[in-house]
Amino acid sequence: MSAPIYDRVALIGLGLIASSMFWAMKRGGLAGEVTGYARSEATRETARRIGLCDRVCDSAAEAVADADLVVLAVPVGAMGAVAREIAAALKPGCTVTDVGSVKKHVIDAVAPELPEGVHFIPGHPLAGTEHSGPESGFAELFDNRWCLLVPVDCRSSGQVARLRSLWEGMGAHVDEMDAEHHDLVLAVTSHAPHLIAYTMVGVADDLRRVTDSEVIKYSAAGFRDFTRIAASDPTMWRDVFLTNKDATLEILGRFTEELFALQRAIRTGDGQHLFDYFTRTRAIRRGIIEAGQDTDAPDFGRAKRAGK
Ligand SMILES: NC(=O)c1ccc[n+]([C@@H]2O[C@H](COP(=O)([O-])OP(=O)(O)OC[C@H]3O[C@@H](n4cnc5c(N)ncnc54)[C@H](O)[C@@H]3O)[C@@H](O)[C@H]2O)c1
Ligand SMILES: O=C(O)C(=O)C[C@]1(C(=O)O)C=C[C@@H](O)C=C1
């Protein structure tokens with residue numbers, strides 16, 4: 001096994017993403033000692049019991065002391081407070097990154113808290129599940145998934161390359177993007193879809209109560225996916241919507257317009273509108289597969305190697 005990319009890594013927040021990073025770093029021999037901290041005593045106890053982290057500390061400052069890489073893996077709304085808590089204990093020249101689902105808010109909240117000379121490189125792995133907490137992580141979570149890095153300071157380019165190697169070592173494909181673009185893209189691909197899933201499950205639940213039918217029991221595959229997504233962590237998603245407000249509202253506005261147009265087509269019996277719309281969306285899915293852009297598709301690796 002080659003030398004670790006970082007001698008010392010600190011994970012702040014010990015939930016799904018941090019625990020998956022820990023197991024993935026251990027799998028690849030990517031980090032020397034990994035320390036960890038979570039705000040709740042119960043989470044720290046669980047982490048110690050399952051061997052999550054080489055050392056679980058009772059304060060964030062203790063966890064980051066001497067770390068070459070500090071990973072903020074807490075809900076987006078808590079990032080600023082955590083940065084303030086660790087700032088004085090950071091090793092000069094270390095890198096601080098985060099894994100938050102929203103980037104502009106995290107940059108605005110974290111960057112002003114960090115001392116001069118610390119490299120702040122925001123990040124976001126596009127991988128997750130509906131589970132949360134220290135016991136939900138697994139080493140394979142990032143395999144063949146994207147991780148977006150959002151560099152904010154050109155003086156950090158050497159450290160960006162190093163962080164990129166860490167994510168690649170954990171199995172991810174890495175791209176760089178600016179924060180505003182990230183937040184708009186994610187509003188389309190992740191945030192609005194989550195809100196729609198939450199809403200559909202709420203609607204089905206209301207219906208069940210009203211009609212006493214078995215809406216959820218007999219749900220088909222598509223709706224089952226909605227219920228899985230709607231089981232995601234309420235704190236995390238509350239924070240996502242509150243901190244990516246503008247982009248999410250923009251996408252939801254467009255979504256509502258399209259929905260009304262489809263609703264009208266159904267009411268007026270405009271089958272042509274429905275057929276054309278579904279033909280267009282089917283072509284989009286097929287185009288994604290042909291371009292080798294679906295990381296779940298079996299031939300993704302081949303398409304990437306062919307430079308698509
Ligand atoms: N779950 C996903 O699918 C997913 C995917 C990519 C990125 N993310 C992002 O990763 C981050 C972590 O998400 P997760 O799914 O691992 O969450 P999680 O709920 O599994 O874990 C969050 C951890 O943070 C701790 N925590 C909360 N507030 C804290 C504070 N003030 N100080 C210290 N610790 C604190 C909690 O105790 C918990 O251990 C979030 O910002 C989220 O947006 C999540
Ligand atoms: O698979 C899931 O459960 C997810 O919702 C993961 C998912 C996503 O929307 O794709 C959720 C939030 C993240 O910020 C990144 C990934």
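Which polar backbone atom is 2.8 Å from an oxygen atom of ligand 1? In this predicted model, the atom in question belongs to G133. Taken alone, ligand 1 exposes 830 Å², and the protein buries 89% of that area. Two further backbone contacts to oxygen atoms of ligand 1 accompany the one from G133: a backbone N or O atom of L14 lies at 3.1 Å, and a backbone N or O atom of V99 lies at 3.5 Å.

The shell around ligand 1 is made up of 27 residues, among which L16, I17, V74, S101 and G133 are the closest. When these surroundings are sorted by class, 16 residues are nonpolar, 10 are polar and one is charged. At least two residues of this shell come from each of three elements, namely helix α1, which spans residues 16-28, helix α4, which spans 79-86, and strand β6, which spans 119-125.

Ligand 2 is surrounded by S101, H124, P125, A127, G128, T129, E130, S190, H194, R228, M236 and W237. S101 therefore appears in both descriptions, being listed among the closest residues to ligand 1 and also among the residues around ligand 2, where a heavy atom within 4 Å is the criterion. Oxygen atoms of ligand 2 are approached by side chains as well as by the backbone: an N or O atom in the side chain of H124 is 2.6 Å from an oxygen atom of this ligand, an N or O atom in the side chain of S190 is likewise 2.6 Å from an oxygen atom, and a backbone N or O atom of G128 lies at 3.2 Å. On its own, ligand 2 has 370 Å² of accessible area, of which the protein covers 79%. Strand β6, together with α7 (179-211) and α9 (234-243), gives two or more residues to the shell around ligand 2. By class, this shell holds four nonpolar, six polar and two charged residues.

Side chains of opposite charge can pair when their charged atoms come close. Across the whole structure, a search finds 20 salt bridges. One of them joins R27 to D143, with the closest N and O atoms 2.8 Å apart. This pair links distant parts of the chain, since R27 sits in helix α1 whereas D143 sits in the loop between β6 and β7 (146-149), and the two residues are 116 residues apart.

As regards confidence, the mean pLDDT of the chain is 93, and 92% of its residues reach 70 or more. For the complex, the predictor gives an ipTM of 0.98 and a pTM of 0.93. Over residues 300-305, however, pLDDT stays under 50, and for this segment the model has 12 contacts beyond four places in sequence. Where pLDDT is low, the predicted coordinates should not be read in detail.

Methods:
Residues are numbered from 1 along each chain as its sequence is written. Chains are lettered from A and ligands numbered from 1 in the order in which they are written. This is a predicted model: local features need pLDDT of at least 70, side-chain atom pairs count only at pLDDT 80 or more; totals for chains, interfaces and linings use all residues. Side-chain values use heavy atoms; hydrogens and water are left out. A polar contact is a pair of N or O atoms within 3.5 Å; within protein, one must be able to donate a hydrogen and the other to accept it, and residues adjacent in sequence count only if both atoms are side-chain atoms. Accessible areas come from the Shrake-Rupley method with a 1.4 Å probe; for residues, only the protein chains shown count as cover. Helices (H or I, at least four residues) and strands (E, at least two) are DSSP runs, numbered from the N terminus. Ala, Val, Leu, Ile, Met, Phe, Trp, Tyr, Cys and Pro count as nonpolar, Asp, Glu, Lys and Arg as charged, and the others, Gly among them, as polar. pLDDT is the predictor's confidence in each residue, from 0 to 100. Contact means heavy atoms within 4.5 Å. A salt bridge is a side-chain nitrogen of Lys or Arg within 4 Å of a carboxyl oxygen of Asp or Glu.
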